[in-house]
Amino acid sequence: MEKKLRVGVLGATGMVGQRFISLLENHPWYEVVTVAASPRSAGKTYEEAVGGRWKMTTPMPEGVKKLVVMNVNEVEKVASTVDFVFSAVDMTKDEIRAIEEAYAKTETPVVSNNSAHRWTPDVPMVVPEINPEHFDVIPFQKKRLGTERGFIAVKPNCSIQSYTPALSAWKEFEPYEVVATTYQAISGAGKTFKDWPEMVENIIPYIGGEEEKSEQEPLRIWGHIENGQIVKASEPLITCQCIRVPVLNGHTAAVFVKFRKKPTKEQLIEKLVSFKGLPQELELPSAPKQFIQYMEEDNRPQVKLDVDFEHGMGVSIGRLREDTVYDWKFVGLSHNTVRGAAGGAVLCAELLTKQGYITAK
């Protein structure tokens with residue numbers, strides 16, 4: 001790309017916003033030129049606004065420290081400075097829906113980490129390796145919004161990335177019933193142990209709204225476009241429990257699956273390790289070379305050893321074995337703020353750029 005596209009990060013001071021900032025440092029296609037946040041941060045430099053709340057393990061990129069934070073609510077003003085935006089705003093769902101549409105209507109594409117638009121019928125919710133064809137719904141959305149180049153695209157919930165890719169790799173064996181329990185890191189709540197000391201040596205068996213997302217969002221990913229809208233798949237039936245555990249980064253899932261066609265263990269593993277999609281074919285900058293790795297050891301995947309596989313953009317599967325009630329069971333692991341949040345959104349943006357949906361203004 002001759003000239004880098006100008007990027008804005010909405011909600012830049014929060015944990016996912018910080019992850020966007022750190023992932024976009026030295027990106028070959030994109031340059032962060034604008035950071036926007038709540039009115040209380042506006043007018044300060046990014047360094048001042050974040051203060052002691054920088055939650056990444058790598059230092060704050062030099063290139064953003066002196067950027068003056070803009071008021072995210074001044075939509076026209078922010079939009080005039082960028083080619084597209086990443087959205088990680090912390091607002092109510094109704095407010096997020098409204099502000100993301102407002103940005104789209106300024107002819108600014110919005111690639112969102114938020115859940116507000118995940119069920120808007122003409123907004124694609126995409127894992128680029130699994131359902132890139134859902135971007136085909138964008139022209140219908142533009143027609144509704146009355147835009148030429150402005151639209152919204154979203155990435156799905158962070159926890160489903162630990163098991164949905166495996167089920168996608170096994171589609172031809174027709175999984176029809178799934179039981180999943182996810183063990184979710186505290187960064188999924190935007191926290192560190194410093195912010196949330198009560199999570200040390202603790203487990204909380206409830207994460208608001210998470211179980212419904214975990215059961216329903218995979219079905220939307222596996223859905224199809226009909227009359228300009230995405231219609232969710234009817235199978236597999238998924239039931240889920242979501243538990244907060246004392247881990248900083250990395251969502252783990254313990255999953256049981258019933259298949260209509262009876263695969264062997266060798267077939268299942270082969271499908272996992274050979275599974276790839278458009279990001280790998282197009283060699284997009286953030287794409288993992290190996291999307292899913294299978295680990296033979298009985299005690300893997302482990303968060304400490306495996307969460308950063310492929311710079312946090314890969315998925316690790318292990319402990320695949322036959323079950324006495326279901327057909328097969330396995331354990332999955334994904335990085336919740338990289339593949340599951342900001343990194344997944346960056347990969348979506350790269351594919352949208354490659355396909356001509358995101359261009360210089």
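Tutor: Quick definition before we dig in: helices (H or I, at least four residues) and strands (E, at least two) are DSSP runs, numbered from the N terminus. And keep in mind that this is a predicted model.

Student: Got it. So where is Gly-14 found?

Tutor: Gly-14 sits in the loop between β1 (5-10) and α1.

Student: Is Gly-14 buried, exposed or partly exposed?

Tutor: Partly exposed: its relative accessible area is 28%, and that label applies because the value falls between the 20% limit for buried and the 50% limit for exposed.

Student: And how far apart are Gly-14 and Gly-190 in space?

Tutor: They're 7.4 Å apart, C-alpha to C-alpha, though 176 residues separate Gly-14 and Gly-190 in sequence.

Student: OK, pockets. What volume does the largest pocket have?

Tutor: About 1200 Å³. It is lined by 46 residues, and the closest to its centre are Val-16, Ala-88, Val-89, Asp-90 and Asn-114.

Student: Which elements give two or more residues to that lining?

Tutor: α1 (15-24), α5 (93-105), α8 (210-221) and α12 (338-354). The largest share is from α1, with three residues.

Student: How do the lining residues of the largest pocket divide by class?

Tutor: There are 15 nonpolar, 19 polar and twelve charged ones.

Student: How much space lies in the second largest pocket?

Tutor: About 830 Å³. Its lining has 34 residues, with Leu-23, Glu-310, His-311, Met-313 and Val-338 closest to the centre.

Student: Which element gives the most to that second lining?

Tutor: α1 again, with four residues. α10 (278-281) and α12 also supply at least two each. By class, the second lining splits into 14 nonpolar, 13 polar and seven charged residues.

Student: Switching to the sheet: what order do the six strands have?

Tutor: β10-β7-β11-β14-β13-β12, in an open sheet with mixed pairing. β10 (237-244) and β12 (292-295) are the edge strands, each pairing on one side only. From one strand to the next, the twist averages 20°.

Student: In what sense do β12 and β13 pair?

Tutor: Parallel, over four bridges, with β13 covering residues 315-322. Met-295 stands opposite Gly-318 in β13.

Student: Which strands does α9 lie across?

Tutor: Helix α9 (residues 265-274) lies across β11 (251-259), β12, β13 and β14 (328-334), at about 145° to β12.

Student: What about α8, which strands does that helix lie across?

Tutor: β7 (175-184) and β10, with α8 running at about 145° to β10. You've met α8 already, among the elements lining the largest pocket.

Conventions:
Residues numbered from 1 in each chain as written. Predicted model: local features only at pLDDT ≥ 70, side-chain atom pairs only at ≥ 80, totals over all residues. Heavy atoms only, no water. 1 Å grid on protein atoms, 1.4 Å probe; cavity = no way out; pocket = protein on both sides within 12 Å on 5 of 7 lines; lining within 4 Å. Points joined across faces, edges and corners; volume = space filled by probe spheres on them. Nonpolar A, V, L, I, M, F, W, Y, C, P; charged D, E, K, R; others polar. Buried < 20%, exposed > 50% of the residue type's maximum accessible area, 1.4 Å probe, protein only. Pairing = 2+ DSSP bridges. Axes fitted to C-alpha atoms, helices over the stretch in contact; angles between N-to-C directions. Contact = heavy atoms within 4.5 Å.
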